[in-house]
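Student: I'm new to this structure and would like a close look at one part of it. Could you walk me through the aromatic rings, and then whatever else helps me find my way around?

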Amino acid sequence: MNGNSIYEIKNLSLANDDLILNETIFHNANGYIGVRSNFEEGYKEGFDSIRGSYINGFYDFAEMKQAEKLCGLCEEKQTMLNVVDSQGIKVKLGDEPFSMFEGTVEESSRYLDMAAGVTGRRIVWCSPKGKRAEIVIKRMTSFVQLPLFTIEYTVKALNFDSDITFVSTHIGDVKNYFNPNDPRVAGESFEHLVPVSAGFKNGVSYIVTDTSKSGLTVCTAVKNILMKDGEFSECVGGHRTETTIASQIKENETVTLVKYTVFADSVRQADCKAKAESEMAKAMAVSLEKHYEAQKAYLDNFWNQTSLEIEGDDDLCLASKYNMYQLLQSVAKDEHCNITAKGLSGEGYEGHYFWDTEMYMQPFFTLTNPELSRNLVAYRYSILDGARENAKILGHKKGALYPWRTIMGKECSGYFPSGSAQYHINGDIAYSTIAYYLATKDLDFIAQKGAEIVFETARLWMDTGNYYHGQFHINDVTGPDEYTCIVNNNYFTNASAQYNLHWAVRFYQLLKEAGKTQAIEKIGLTEEEVAAFEKAEKNMYLPYDEELGINPQDDSFLQKEVWDFENTPKDHYPLLLHYHPLYIYRYQVCKQADTVLAHFVYEDAQDIETIRKSFAYYEKVTTHDSSLSTCIYSIVASKLGLEDKAYAYFGDSAKLDLFNLHHNTKDGIHTANMGGNYMAIVYGFGGLRLKESGLYFAPSLPKQWTGYKFKIMYEGSQIQVEVGSDSSVFTLVNGDAKTIHVYDEAYELENTLTIPRKKVGA
């Protein structure tokens with residue numbers, strides 16, 4: 001990895017708000033497990049904390065009360081669980097416990113090393129009685145052995161000799177965080193965990209816990225190793241264990257405790273205890289240093305595949321790398337799960353999977369690590385039967401309708417106008433499946449899983465829409481903009497459906513030609529259905545206003561009064577926290593990119609002047625209350641040649657979490673915005689597009705930068721794009737030669753191509 005790979009904060013603030021924020025910023029995760037970065041020793045009494053450890057795809061059911069029990073409304077949801085607290089390590093120097101809130105903190109820092117895949121704390125502390133110690137703590141969730149989390153805790157005596165005691169805890173009776181005043185997290189506390197057993201076996205602590213309703217089981221195991229002689233004592237009390245290690249430390253000597261935790265769950269294996277035992281044995285079979293080496297080797301490969309450098313703004317380059325690293329920490333590494341809206345960094349949105357994955361996060365993996373993108377499609381395939389059942393619940397006779405928010409396949413949206421009504425999620429999932437194919441040409445996977453998703457979502461559109469005056473209309477849905485709900489002919493939704501139907505026809509043709517017809521035969525897809533798909537695609541109604549020359553967001557949007565932005569207090573944003581939904585719905589005001597998003601992902605549906613006029617119109621009525629918005633405006637501004645606007649919108653998205661711009665990063669990172677930040681560089685400034693006709697680029701260079709470069713994978717070949725002030729250099733790093741299009745001109749990329757830069761959007 002080139003450039004700076006370390007993000008560090010020095011002279012740590014001990015304000016409660018800053019501590020909770022840093023729990024998120026410095027969390028450790030690997031796509032399977034996530035551990036918030038709490039102080040091992042805890043905070044002082046009375047401080048709030050979200051002290052959590054999570055498993056992707058592990059959940060319990062919780063009641064979701066409806067004021068009126070109307071047909072088909074959800075009354076139960078899934079929620080991601082805080083499964084254990086194995087972070088606890090308390091240290092006593094003689095009779096004095098270490099605490100950041102007592103004595104004197106002479107130096108302090110926290111860091112994330114994105115090349116090594118570790119986080120850390122360093123403190124120089126003077127106790128109330130004058131003992132000075134340097135404490136260095138390094139934490140890792142392994143990308144190589146996914147169930148493994150380690151803490152390396154080192155104490156150096158700077159001016160004293162004394163006893164030293166470590167107390168290491170393993171706690172199974174934990175709860176999820178709740179806040180009744182925040183719609184992004186659970187509003188009440190539930191007893192989700194049922195104790196099964198806690199105890200020691202051969203020096204390893206095992207805790208087994210069941211969920212209260214979902215029938216799942218988790219087992220965590222902890223092993224403590226002191227890197228010198230010491231006396232160990234073990235204690236079991238309730239659903240928790242405690243290991244006390246006593247030793248001696250002399251001046252200028254260091255003493256290190258290494259704490260291994262492994263996780264196992266019944267989503268992935270029947271016998272969690274046996275799995276935890278085998279994973280612990282595997283972890284202990286090599287030294288911690290070997291685990292660090294394996295972690296670095298994994299990340300060397302990751303950064304080679306995803307290499308992205310910004311020249312001329314080191315802070316922005318670091319922020320962009322931070323975002324890419326968090327995407328890696330968040331993405332599922334198997335087919336049992338997906339990417340939650342907050343990754344595995346916190347409990348915001350209760351660990352649910354949304355459309356965010358397909359439209360904002362998956363493009364990063366499709367272009368850089370297609371095997372991970374394939375896993376994400378495979379997860380959606382694994383819950384396809386649930387989507388079929390969800391379609392039936394909403395009254396459809398055929399097809400599949402994916403739940404708006406879910407973990408295991410059932411709808412978790414309690415407010416259907418801005419939840420279940422967002423039928424565009426079907427088009428989003430189809431879009432990501434198609435994008436995977438366009439980037440890889442992996443027709444075998446499409447035949448096995450992808451085509452069935454695209455066929456069944458296409459069937460749903462046919463059952464949802466209807467013909468009126470010869471055009472295909474889709475009524476009573478909600479688009480991406482959640483400030484406008486239950487409308488007729490949302491432009492984004494109709495454009496998504498059109499693209500979905502087009503590719504259902506294309507996949508049918510491609511699979512027939514290749515003799516890979518298992519999906520067609522499995523679901524009984526007929527020629528008549530495919531002909532109906534094609535007819536609906538060609539006759540899809542896409543709203544257009546002749547007078548303004550724009551695509552209205554929906555049939556009624558332009559009839560509404562424009563929101564009074566001038567007289568809306570700044571502290572009344574986001575609007576959804578200050579105004580009744582119905583009040584908002586009656587105005588022209590957008591929470592986020594909607595039609596503008598369609599002009600990015602389905603750009604060929606309209607000419608450039610329509611896109612230009614639509615962008616200008618919606619820019620005036622969009623609040624960007626959603627973190628999913630500014631990155632899209634940046635991309636479309638780049639397409640239109642609006643360089644200053646593109647850069648301004650990009651800067652807002654890049655630094656969202658590191659600067660806590662939305663003041664809610666404590667609940668978890670904004671993974672979709674992080675994916676959008678990557679897209680704003682590659683799809684925006686780089687002008688990249690994946691189309692059936694090939695791979696396209698239209699590079700532009702922000703005036704604030706001297707250059708930038710990135711790598712992508714396309715049909716098994718790695719391509720590097722390096723954009724400078726006068727030209728762009730395209731290099732075939734490895735793989736077969738490819739045809740690429742630059743500013744709509746076709747070139748054969750066999751080694752290196754240098755293309756003079758042109759003005760974009762003119």
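Student: Let's start with Tyr-583: is it buried, partly exposed or exposed?

Tutor: Before we dive in, keep in mind that this is a predicted model. Tyr-583 is partly exposed, because its relative accessible area is 39%, and the cut-offs put anything under 20% as buried and anything over 50% as exposed. Now let's look at the rings around there.

The structure holds 47 aromatic pairs. Take Trp-563 and Tyr-579: their ring centres sit 5.0 Å apart and their planes are at 90°, so this pair is edge-to-face. The pair links distant parts of the chain, with the two positions 16 residues apart. You'll find both Trp-563 and Tyr-579 in the loop that runs between β23 (561-562) and α13 (581-585). Trp-563 counts as buried, because its relative accessibility is 5%.

Back to your residue: Tyr-583 forms an aromatic pair with Tyr-587. This one is tilted, at 5.1 Å centre to centre and with 50° between the planes. While Tyr-583 is partly exposed at 39%, Tyr-587 counts as buried at 17% relative accessibility.

Rings can also join up in a bigger group. Ring pairs link Tyr-349, Phe-354, Trp-355, Tyr-360, Trp-404, Tyr-431, Phe-492, Tyr-499 and Tyr-602 into a cluster. Pick out Trp-404 in that cluster, since it leads us to Ser-413: Trp-404 is one of the residues that Ser-413 touches. Leaving aside residues up to four places away in sequence, the others are Met-64, Cys-74, Arg-405, Gly-419 and Ser-420. Ser-413 lies in the loop between α7 (384-393) and α8 (424-440), and at 7% relative accessibility it counts as buried. The C-alpha atoms of Ser-413 and Leu-73 are separated by 8.7 Å, although these residues are 340 apart along the chain.

Last stop, a pair of helices. Helix α3 (residues 288-306) packs with helix α4 (residues 314-330) at an angle of about 120°, and their axes are 12 Å apart. The two are therefore oblique to each other, and their crossing is right-handed. On the α3 side, the contact is made by Tyr-298, Leu-299, Phe-302, Trp-303 and Thr-306; on the α4 side, by Lys-321, Met-324, Tyr-325 and Leu-328. Sorted by class, that contact has seven nonpolar residues, one polar and one charged.

Definitions and conventions:
Residues numbered from 1 in each chain as written. Predicted model: local features only at pLDDT ≥ 70, side-chain atom pairs only at ≥ 80, totals over all residues. Heavy atoms only, no water. Axes fitted to C-alpha atoms, helices over the stretch in contact; angles between N-to-C directions. Helix = DSSP H or I, 4+ residues; strand = E, 2+ residues; numbered from the N terminus. Parallel < 35°, antiparallel > 145°, perpendicular 65-115°, else oblique. Left-handed = near helix turned anticlockwise from the far one by under 90°. Contact = heavy atoms within 4.5 Å. Nonpolar A, V, L, I, M, F, W, Y, C, P; charged D, E, K, R; others polar. Buried < 20%, exposed > 50% of the residue type's maximum accessible area, 1.4 Å probe, protein only. Phe/Tyr/Trp six-rings, centres within 6.5 Å; stacked < 30°, edge-to-face > 60°.
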